[in-house]
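The following report takes up a sheet, a residue and the internal cavities in turn.

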Amino acid sequence: MAVIPTQRETVSRAPSHEPGMPTRRGADRRAVAHATLGGGPLAPGAARGLVRAALAEWARLGLPGAESLPQRLIDDAMVVVSELVTNAVVHAGTDVELACRLETSGEPGEPGGSREPGASGGSGASGASGGSRVPDAGLTGEGAGGEGGAGGVVLVVEVSDHHPSRAPRDGGIELPYDIPEYGRGLRLVAVLSEAWGVTYRTGLKTVWARLPAEGTTADDAIEAYAGSQDLGRGAGSGEVLAPEPQRGPYDEKWLNHGALSFLAEASDLLAGQLDEDHVAALTGQLLVPRLADWCAVWLEDESMGRGSWSDGGGGGGSGGYTGSGPRLARVWHGSEDRIEELRLALEKDPPRPPDTSRTGPVPVPWPGDALDGPGPGDTGATGAALAYRLVAGGRPLGTLVIGRAGVSCFPDEVTGLVEDLSRRVALAVGAARQYARQATISRILQRGLLPGAVAEIPGVSSALVYEPCDKGGPSGDFYDLFPAGAGRWCFAVGDVQGKGPEAAVVIGLARPWLRLLAREGYQVADVLDRLNQLLLDDATETADAAARALVAADGRSGGPGGPADPGVLGGAVRQGEGPQTRFLSLLYGELVPFDGGVRCTLASAGHPLPLVLRAGGEVLTAAEPQTLLGVVEDETYTSGSFELWPGDSLLCVTDGVTERRCGPRQFDDGDGLANALAGCAGLDAQLIAERIRRLVHEFGEKPPEDDLALLVLQTD
């Protein structure tokens with residue numbers, strides 16, 4: 001469930017072919033990076049990673065100006081990219097196009113090249129809007145190109161979204177504190193940029209910003225803007241972002257030094273959390289004591305209709321929620337000895353935000369009983385408390401409550417900053433829940449693809465090691481050991497090409513068919529013949545279905561090359577979802593116990609060959625190599641038979657064992673597996689399996705990078 005760039009280019013393209021990507025005079029055509037990001041909560045982190053990598057690559061290539069970029073410009077770029085991508089994800093919800101490039105402007109006194117990136121001649125809400133540094137309601141059309149970048153290096157960042165039609169904050173709700181709907185993020189962008197703007201095209205909205213490497217600094221821009229707004233030459237960044245703050249000395253000190261990077265750092269931290277409770281815990285650590293004395297996070301299960309806050313009594317005390325109620329996931333206070341008391345007070349009387357659809361701050365009652373004594377950061381028995389609804393994708397996910405003692409209200413700049421943070425928290429909670437759902441589905445699917453229990457064979461002991469490399473998705477390895485009737489038991493160890501859903505499809509076909517064919521009385525070689533044909537037939541049918549869907553899409557769009565209707569394909573031929581070649585390596589055998597031993601018949605189809613450890617310590621190869629299943633039509637497979645006597649052991653493994661790497665060496669180089677098995681003479685089946693597993697893990701310094709499956713059958 002990761003959001004990664006689906007495209008990246010470090011070469012230029014024709015300006016007319018890429019909206020928002022004109023080539024400015026002086027630009028090195030190699031200093032261009034472009035990516036398409038999914039409209040999900042991990043997009044801002046992926047965007048920052050792309051820009052970091054691009055700047056490092058340009059410096060490595062020695063492009064003009066790239067080697068001497070100041071750290072301030074790199075830090076500013078991270079903030080700008082994070083804010084623009086987050087804005088696009090929150091307000092548009094579509095895929096996001098990110099582009100950045102390094103430009104060297106013209107000589108001093110020259111115009112400096114073409115128009116600003118993505119600039120449009122429109123005005124007002126329907127045209128392009130921007131500002132020289134900080135947006136002004138009176139500015140329309142192109143952003144003013146500052147003079148600070150003349151003769152220097154400029155980093156241009158552009159973020160585009162498609163069909164930006166989502167109604168922000170569930171539509172139409174008047175926002176408090178006079179904060180423009182495009183978000184505090186664009187004010188941060190304006191402070192850091194020499195010019196910025198918005199361009200609208202058919203189905204595309206582009207927000208661009210120009211960051212100068214030299215010239216006027218962000219502090220100078222803040223001071224100049226503050227003077228133009230009659231805020232005084234001593235105004236800090238917080239005062240620019242919220243002109244009427246009510247704050248103490250701590251707010252001013254922190255906001256002046258850390259507010260601009262706080263959201264970017266918080267986004268990075270939150271994006272790495274895959275558990276919603278960890279997100280809630282991290283939120284408390286981010287807010288306390290920076291912005292509040294205490295905070296609490298409630299999480300709701302949207303699938304069960306939880307989180308309907310009301311003024312009426314809910315379950316328990318005077319709680320204000322209906323249904324089974326939100327869960328108080330995290331309570332944090334600057335003084336740890338007050339956390340439990342605060343938790344009890346909030347559980348008894350939770351906040352009651354009047355509207356579940358708004359994300360802005362809502363005043364809630366102060367939990368005075370829990371905070372009636374002096375403590376660190378407390379200046380009295382009362383204070384201010386605000387609630388923020390956590391909403392992502394139009395779904396309420398929880399509520400964030402913050403409180404500060406000894407004040408009547410929070411400064412506007414703090415409430416706005418926390419509101420921006422609450423949006424990121426909501427996105428992180430949504431991503432964690434999506435990951436949890438996918439992990440649950442994968443676990444259920446994995447259980448369904450493997451036998452619930454391994455059959456017990458009279459006179460034979462068995463031991464199994466099964467270790468998927470990816471704990472969050474279906475493995476490509478599988479095994480089975482089952483009775484086939486008439487005194488026969490069959491076993492299989494297989495490895496499917498790839499992992500994930502495609503591997504699960506093949507395993508879902510192969511394992512049931514193995515059992516069915518074995519119980520129908522087919523011999524070992526016949527089972528492989530029919531399974532090979534089954535895989536080939538299935539691949540052919542899948543390819544035919546994809547071809548028919550493609551033809552139908554061309555017909556709907558008016559012919560090849562026309563715009564395809566996305567509803568026609570139904571996902572059949574989308575990138576990464578089309579028909580895949582399904583290879584399967586399989587070791588399949590049959591055991592028939594007799595008086596004094598077991599007769600084993602087996603065949604290997606493209607699989608690591610099994611080994612037999614005789615009771616005296618001799619190791620033998622027990623099969624001949626043959627072709628993978630699902631590759632060659634009408635392939636004829638053969639099998640071989642041998643006897644296992646008391647004390648003999650049969651070892652079956654997947655390539656995760658034989659191809660375990662340590663630098664250029666593999667575990668099975670120089671008959672490594674046979675030598676390891678020879679050292680297991682005299683051990684029972686369970687000890688043999690555990691010893692081989694331990695040797696495989698100890699072979700390399702890093703953990704195994706492939707699935708491990710290992711089956712040992714030993715005659716008693």
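## An open sheet and its helix

In this predicted model, 5 strands are arranged as an open sheet whose order is E14-E25-E22-E19-E20, with antiparallel pairing. Strand E14 (460-467) and strand E20 (619-621) occupy the edges, and because each has a single partner strand, one side of each is left without a neighbour in the sheet. From one strand to the next, the twist averages 20°.

Within this sheet, strand E22 (residues 649-653) and strand E25 (residues 708-715) are joined by 5 bridges in the antiparallel sense, and Leu 650 stands opposite Leu 713 in E25. Helix H15 (residues 685-699) packs on the sheet, where it touches E14, strand E19 (611-613), E22 and E25, and the direction of H15 makes about 150° with that of E25.

## Thr 658

Thr 658 belongs to helix H13 (residues 655-658), and it counts as buried because its relative accessibility is 10%, against a cut-off of under 20%. Once its neighbours within four places in sequence are left aside, the contacts of Thr 658 are Pro 608, Val 653, Gln 666, Phe 667, Asp 668 and Leu 673.

## Internal cavities

Searching the whole structure yields 5 cavities of 30 Å³ or more, and the largest cavity holds about 120 Å³ of space. This largest cavity is lined by 14 residues, of which Pro 41, Ser 267, Leu 270, Ala 271 and Arg 424 are the closest to its centre.

Helix H1 (43-61), helix H6 (249-271) and helix H9 (412-449) are the elements that each give two or more residues to this lining, and H9 provides the largest share, 4 residues. By residue class, the lining of the largest cavity comprises 8 nonpolar, 4 polar and 2 charged residues.

Key: Residues numbered from 1 in each chain as written. Predicted model: local features only at pLDDT ≥ 70, side-chain atom pairs only at ≥ 80, totals over all residues. Heavy atoms only, no water. Buried < 20%, exposed > 50% of the residue type's maximum accessible area, 1.4 Å probe, protein only. Contact = heavy atoms within 4.5 Å. 1 Å grid on protein atoms, 1.4 Å probe; cavity = no way out; pocket = protein on both sides within 12 Å on 5 of 7 lines; lining within 4 Å. Points joined across faces, edges and corners; volume = space filled by probe spheres on them. Nonpolar A, V, L, I, M, F, W, Y, C, P; charged D, E, K, R; others polar. Pairing = 2+ DSSP bridges. Axes fitted to C-alpha atoms, helices over the stretch in contact; angles between N-to-C directions.
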